[in-house]
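Me: I am new to this structure. Could you please show it and take me through some of its features?
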Amino acid sequence: MSAPLVKVLHRLQELFQNVVAALETMILLPSLFRGLGRRRRKPFLGTHWHRRSLDSFVEEVDTLFSVPLSTSTMIDMSEKIRAQFRHCLQNSPVCMLPSYTTTLPTGSEKGTYLALDVGGSTFRVALIKLNGREEEMEIVRVSSRYIDNSVKLLEGTQFFDWMASGIDTMLKDVGADYGRGDVALPIGLSWSFPIDQTSISSGLVIHMGKGFHCSNGTVGQELGQLLIESCRKRNLNVQMAAIVNDSSAALLSRAYVDSKTRMSLILGTGTNMAIHFPVHDIGRSKFGVRPDGWFDYAKNVIINSEMSMFGGGVLPMTRWDDVLNRTHMRPDYQPLEYMITGRYLGEIVRLIIVEAVETASLFGGQLPHSMREPYSLDTSIVAFIEEDSSTSLSSSAAFLQKQHIFPATPSVDDLRFLRRVCQVVSRRAAAYLATGIHSMWCLLNEAEFPEQSSIANLLIKESPEVIVTESDTAKNVSIACDGTVINKYPGFRDTCQGYLDRLSAHSHPNSGSAIRLESAHESAILGAAVAVAVAVAEE
Ligand code: BGC
């Protein structure tokens with residue numbers, strides 16, 4: 001038999017084994033496929049039923065996660081997501097949300113402002129000094145509180161009371177009377193959740209993701225008012241001067257130093273993009289009630305896209321994504337987020353581990369007790385293992401054993417399996433993120449160069465066989481980005497940038513490196529302060 005034929009037969013045999021193994025898994029682990037409602041009491045099958053090798057399992061994982069990542073498939077997905085963006089720009093009440101910020105900062109705004117940042121895992125209160133574009137912004141003082149699960153479970157006003165206590169402590173540190181004077185102290189809030197903005201300083205609560213229960217009972221209530229009332233209970237005299245989503249804060253903080261900034265990205269516990277976008281391309285019903293004359297002067301407005309909510313039905317999901325989604329507090333709410341962010345990467349890897357323990361003898365067929373609970377494998381572990389390029393992976397073993405108790409030390413094969421799984425899961429995350437960013441960039445191009453886009457569309461319709469490039473219509477953008485995953489996950493940003501280069505070169509040949517990811521560190525607190533400064537300047 002010729003060598004290529006042997007190879008093909010070998011591949012077919014492997015494929016067949018994988019299909020059989022997958023069917024066995026479906027029969028043996030029905031809970032993985034049925035979802036949460038019923039949690040198995042006896043989750044593991046014991047050590048007797050291990051039918052696959054770790055190698056064949058990891059090959060299957062790799063294939064499932066890599067199949068959608070060819071450039072042409074990603075371009076196709078980007079176009080489909082753009083269609084979702086366009087649709088939601090006209091009428092969705094929960095995403096593509098226009099703010100009230102029409103003009104970007106000039107960079108000449110100065111002053112010291114109090115900024116709050118409610119992120120996915122920390123709450124920060126900071127005093128920020130803006131010195132004008134020529135000098136660096138200064139974080140005069142900052143206090144940080146970890147948002148643990150017990151805080152995430154606080155419902156309604158309880159959460160705002162918790163925030164007020166943090167503000168109180170910080171203000172007391174600054175000075176006994178600070179925030180208690182006769183004149184209300186203006187504050188800016190960066191809120192890393194969706195919000196239906198009703199003015200520059202107010203907005204209505206929308207369902208919150210990331211495991212927060214604060215929106216239970218508060219959806220539709222005014223966010224600023226909720227916080228101010230909790231502050232009043234502590235005799236704090238503060239006034240909400242600006243509320244911004246954290247993605248808008250990133251855009252503002254970067255635009256303060258670079259006037260060309262038009263887009264921003266957050267990738268941490270959650271993900272999102274904000275974009276400075278033409279008002280006339282947004283459905284009128286999305287603006288609610290605006291002050292008289294608002295539409296006469298507002299040419300562009302910052303949109304909080306809530307990009308996490310897109311990609312449903314477009315981005316392929318594996319069986320582990322499926323379990324994660326079906327067992328989630330809000331299934332289908334944020335499809336992109338569930339596959340790419342810091343809150344979920346660890347959980348996807350954990351679900352794969354659970355199956356590998358049960359069917360391929362990972363960890364000798366015994367799952368550490370501590371890994372049985374959903375969300376018990378932190379994404380920081382995934383990042384650590386991926387960064388470990390040693391052959392022995394001994395530091396990964398030590399790190400893992402610090403966080404989880406293993407009946408027997410994980411073998412090198414176990415660790416190699418894990419590293420490969422982490423790489424595959426994070427690579428897909430970078431690719432899906434790049435697809436979302438590319439889609440948003442195309443949306444901006446389409447809005448800013450409408451004639452060229454419609455000529456291109458017409459040509460495509462009339463002569464589908466002709467390849468029409470939009471290279472002349474492409475806009476070079478630098479995207480202000482922030483968040484723990486994009487900042488810290490080893491290699492993530494470069495991988496994402498690589499995918500972006502490929503996608504932009506494909507859809508807009510000759511556009512070069514048209515989309516560039518630029519860091520915008522501390523963007524939430526800096527951006528909230530800039531938002532207050534802009535609001536004060538507009539008064
Ligand atoms: C929230 C967005 C937020 C993003 C990044 C998402 O889960 O819905 O509002 O901007 O996370 O923090």
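Reply: The ligand site comes before the cysteines below. This is a predicted model, in which local features need pLDDT of at least 70, side-chain atom pairs count only at pLDDT 80 or more, and totals for chains, interfaces and linings use all residues. Residues are numbered from 1 along each chain as its sequence is written, and side-chain values use heavy atoms, with hydrogens and water left out.

Me: How many residues surround the ligand, and which are the closest?
Reply: The ligand is surrounded by 13 residues (one heavy atom within 4 Å of it). K210, N245, D246, E306 and E337 are the closest.

Me: What kinds of residue make up that shell?
Reply: Three are nonpolar, six polar and four charged.

Me: What lies 2.9 Å from an oxygen atom of the ligand?
Reply: That is a polar side-chain atom of E337. The protein covers 99% of the 310 Å² of accessible area that the ligand has on its own (Shrake-Rupley method, 1.4 Å probe).

Me: And which backbone atoms should I look at?
Reply: A backbone N or O atom of F193 is 3.3 Å from a ligand oxygen atom. For P194, a polar backbone atom is 3.3 Å from an oxygen atom of the ligand.

Me: Changing topic, how many disulfides are there?
Reply: Counting pairs of cysteine sulfur atoms within 2.5 Å, there are zero disulfides. C88 is in none, and its nearest cysteine sulfur, that of C95, is 3.8 Å away.

Me: Is C88 buried or exposed?
Reply: C88 counts as buried because its relative accessibility is 13% (buried is under 20% relative accessible area, 1.4 Å probe, protein chains only). C231 is also buried, at 0%.

How values were computed:
Buried means under 20% relative accessible area, exposed over 50%, partly exposed in between (1.4 Å probe, protein chains only). A polar contact is a pair of N or O atoms within 3.5 Å; within protein, one must be able to donate a hydrogen and the other to accept it, and residues adjacent in sequence count only if both atoms are side-chain atoms. Ala, Val, Leu, Ile, Met, Phe, Trp, Tyr, Cys and Pro count as nonpolar, Asp, Glu, Lys and Arg as charged, and the others, Gly among them, as polar.
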